[in-house]
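Let us walk through this protein together, from the overall layout to a few individual side chains. Keep the structure open as you read.

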Amino acid sequence: MTLKIGISFWIAFPLGGLFAFFVVILLELPALRVKGHYLALGIIAFGLIVQEIALNAESVTVGTNGLIDIPSPVLFSHDFATSIYFGFMSMNYLANFYYLILAVLIISVMTIYYLSNSFFGLSLNAIHARGPIGCLVLRNEP
């Protein structure tokens, strides 16, 4: 999105995640109807199909060459394509992306933790543990 459309990395990053989420929801719902080994086979087949589409859709992904000249993200006037200097040592520019992904990981784990311990998460856990009876138990509890 940053290369073709020209929108900022900080807008394209969560939009890419949302787009991937909705694509997986739409395409994996039929695969969830199968059980056992067939579910795993369906997911693996879907991954192979996506890989072939990504390699052969040269107008979008430039095929096997990949996307070139993607602009690096800038956060508070710090360009992620520059090295990090601590005075006594410097780190490669890839460390910027490591710390970005580490921050996203921490935020994701905290969100999942708080969501799973909320009333909604505990309700889903009760439905999973008790099956259809879990719905009835949740309706009768205050």
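A residue is called buried here when its relative accessible area is under 20%, exposed when that area is over 50%, and partly exposed in between. With that in hand, look at helix H5, which covers residues 119-130. Gly121, Ser123 and Ala126 are the buried residues of H5. The coordinates you are looking at are a predicted model, and the values below are computed from it. The length of H5 fits expectation: its 12 residues should span 16 Å at 1.5 Å a residue, and the end C-alpha atoms are indeed 16 Å apart.

Now step back to the whole chain. The protein has 6 helices and 4 strands. Reading from the N terminus, the order of elements is α-α-α-β-β-β-β-α-α-α, so the strands sit between helices along the chain. How many of the 142 residues are buried? The share that counts as buried is 11%. The protein exposes about 11,500 Å², and carbon and sulfur atoms supply 72% of that area. As for contacts between residues at least 6 apart in sequence, 26% of them join residues at least 24 apart.

Helix H4 is a good next stop. H4 takes in residues 94-116. Its 23 residues reach 33 Å from the first C-alpha to the last, close to the 33 Å expected at 1.5 Å a residue. Which residues of H4 are buried? They are Ala95, Asn96 and Leu100. The cover over these buried residues includes helix H1, strand E2 (78-79), strand E3 (84-85) and strand E4 (90-91).

Asn96 deserves a closer look. Is Asn96 buried or exposed? Its relative accessible area is 7%, so Asn96 counts as buried, given that the cut-off for buried is under 20%. Leaving aside residues up to four places away in sequence, Asn96 touches His78, Asp79, Phe80, Thr82 and Ile84.

H4 also brings us to the surface. Tyr98 lies in H4, and Tyr98 is one of the residues that make a nonpolar surface patch of about 940 Å². The other members of this patch are Tyr99, Leu102, Leu105, Ile106, Val109, Met110, Tyr113 and Tyr114.

Let us turn to helix H1, which runs over residues 9-28. Val24 is found in H1. With a relative accessible area of 40%, Val24 is partly exposed. The C-alpha atoms of Val24 and Phe46 are separated by 9.6 Å, and these two residues are 22 apart along the chain.

Finally, consider the aromatic rings. How many aromatic pairs does the structure hold? There are 5. One of them is formed by Phe9 and Trp10: their ring centres are 4.9 Å apart and their planes meet at 80°, so the pair is edge-to-face, because planes over 60 degrees apart count that way. Phe9 is partly exposed at 21% relative accessibility, and Trp10 is likewise partly exposed at 30%. Phe21 and Phe22 also pair edge-to-face, with ring centres 5.3 Å apart and planes at 65°. Phe21 has a relative accessible area of 46%, so Phe21 is partly exposed. To finish, Phe9 and Trp10 join Phe13 in one aromatic cluster.

Methods
Residues are numbered from 1 along each chain as its sequence is written. This is a predicted model: local features need pLDDT of at least 70, side-chain atom pairs count only at pLDDT 80 or more; totals for chains, interfaces and linings use all residues. Side-chain values use heavy atoms; hydrogens and water are left out. Helices (H or I, at least four residues) and strands (E, at least two) are DSSP runs, numbered from the N terminus. Buried means under 20% relative accessible area, exposed over 50%, partly exposed in between (1.4 Å probe, protein chains only). Contact means heavy atoms within 4.5 Å. Accessible areas come from the Shrake-Rupley method with a 1.4 Å probe; for residues, only the protein chains shown count as cover. Patches are made of residues with over 30% relative accessible area and no salt bridge: like charges are joined within 9 Å, nonpolar side chains (Val, Leu, Ile, Met, Phe, Trp, Tyr) within 5 Å. A salt bridge is a side-chain nitrogen of Lys or Arg within 4 Å of a carboxyl oxygen of Asp or Glu. Rings of Phe, Tyr and Trp (its six-membered ring) pair if their centres lie within 6.5 Å; planes under 30 degrees apart count as stacked, over 60 as edge-to-face and the rest as tilted. The expected span of a helix is 1.5 Å times one less than its number of residues.
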